[in-house]
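Please look over the sequence and the model below before reading on. The paragraphs after it go through the model part by part.

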Amino acid sequence: MSSARISYVSGPLLRARSEQPFALLEAVEVGEPRLLGEVIRIDRGEITVQVYEDTTGLAPGDRVTGQGLPLSIELGPGVLGGIFDGLLRPLEGFDSPFMSRGQRSRRNRRFRFEPLLEKGNVAQGGQPFGKMSAEGAAPQLAMFEPGLSGTLRSVSPTGDYAEEDVLCVVQDSAGSEHRVSAKQRWAVRTPRPVAEHLPVATPLVTGQRILDSLFPIGLGGKGAVPGGFGTGKTVLLETLAKWCSADVIVYVGCGERGNEITGVLEEFPGLVDPRNNRRLMERTVMIANTSN
């Protein structure tokens, strides 16, 4: 495991003299509170680290420890319906409304698993191998990690499982076995591969007449809401999240004031989805990354 000693700290950036080699974009833990950071530069035995938490109290001589992996997040069925910070750490289940520095929280929700494949089937990256559902919500697909291929040696029967439980075992062409769960770790700077790019041919129905009639947005396309402070950008985005015809909503409140995010977090969990009269949060992901 790579390690280094801090030589200089300036806000969220620090430099450290490396005792063992680091990799560019490697995730690191900094100091006694184990602050999460990322190596953004390597220069002749010195590394520069971007720290994604408050660096107050760090000093020259504190240790920087490499994780041996790029900065990654956990993907899986437990993301949908959750509320997270900017590092995809769950913001639920804490004793305090504030996260302390270096705090780690892992989700491991339980789901009803229904296999879609059988022992002996061929497994391919991106292929669904089962359905995961919780509390009567719409099922999600559990898929093999991109790049994985081989023969399915075992698959769990229908039942209740946690995200981290091994659901199947795949043997690749070299004879190595891969234990597969519904949860995957994915490097944040590595784009997810796609099988096919679909044309933008259908409008996204926003429910706002002025947008749908004068400024239509394509389903699968992009839109922007420019404007200064207090012009209604956040209110419009919240309205789109509530009423537009998308199947899944990912609301990223990045850089907004804490009181704005508080309003969203208090309101959304109580909203009813007009499609099925269930909780709107069941198909929503909230990222609360406030400026204060």
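What follows moves from the overall chain to two sheets, then to the cysteines, two loop residues and a pocket.

The model is predicted. Its protein chain contains 3 helices and 21 strands. Taken along the principal axes, the C-alpha atoms fill a box of roughly 60 × 55 × 40 Å. The chain has 292 residues, and 37% of them count as buried.

Two of the sheets can be followed strand by strand. Strands of a sheet pair through backbone hydrogen bonds, either parallel or antiparallel. One open sheet is made of 4 strands in the order S12-S11-S9-S14, with antiparallel pairing. Strand S12 (140-143) and strand S14 (159-162) are at its edges; each has a single partner strand, so one side of each is left without a neighbour in the sheet. On average, and ignoring direction, neighbouring strands of this sheet are turned by 45 degrees against each other. Within the sheet, strand S9 (residues 110-115) runs antiparallel to strand S11 (residues 128-133), and 4 bridges join the two. To find this pairing in the model, start from Phe113, which stands opposite Met132 in S11.

The second open sheet also has antiparallel pairing, and its 4 strands come in the order S10-S13-S15-S16. Here the edge strands are strand S10 (122-124) and strand S16 (177-180), each of which pairs on one side only. The average turn between neighbouring strands of this sheet is 40 degrees, direction ignored. Strand S13 (residues 149-155) and strand S15 (residues 168-171) are paired in the antiparallel sense over 4 bridges. Thr151 can serve as a marker for this pair, as this residue stands opposite Gln171 in S15.

Next come the cysteines. How many disulfides does the structure hold? The number is 0. Cys168 has a relative accessible area of 1% and is buried, because buried means under 20%. For Cys244 the relative accessible area is 8%, so this residue also falls under the 20% limit and is buried.

Two loop residues deserve a look at the backbone. Most residues other than glycine have a negative phi, and most peptide bonds are trans. Leu25, in the loop between strand S2 (13-18) and strand S3 (26-30), has a positive phi near 70 degrees. With a relative accessible area of 33%, Leu25 is partly exposed, because this class lies between the 20% limit for buried and the 50% limit for exposed. Arg44 has a phi near 50 degrees, again a positive value in a residue other than glycine. This arginine is found in the loop between strand S4 (35-43) and strand S5 (46-51). Is Arg44 buried or exposed? Its relative accessible area is 76%, so Arg44 is exposed, the limit being over 50%.

The last stop is the largest pocket, which holds about 1300 Å³ of space. Its lining consists of 40 residues, and those nearest the pocket centre are Leu237, Leu240, Val250, Tyr251 and Val252. Which elements each supply at least two residues of this lining? They are helix H2 (233-243) and strand S20 (249-254). The largest share, 7 residues, comes from H2. By residue type, the lining of the largest pocket divides into 23 nonpolar, 10 polar and 7 charged residues.

Notes. Residues numbered from 1 in each chain as written. Predicted model: local features only at pLDDT ≥ 70, side-chain atom pairs only at ≥ 80, totals over all residues. Heavy atoms only, no water. 1 Å grid on protein atoms, 1.4 Å probe; cavity = no way out; pocket = protein on both sides within 12 Å on 5 of 7 lines; lining within 4 Å. Points joined across faces, edges and corners; volume = space filled by probe spheres on them. Nonpolar A, V, L, I, M, F, W, Y, C, P; charged D, E, K, R; others polar. Pairing = 2+ DSSP bridges. Axes fitted to C-alpha atoms, helices over the stretch in contact; angles between N-to-C directions. Disulfide = S-S within 2.5 Å. Buried < 20%, exposed > 50% of the residue type's maximum accessible area, 1.4 Å probe, protein only.
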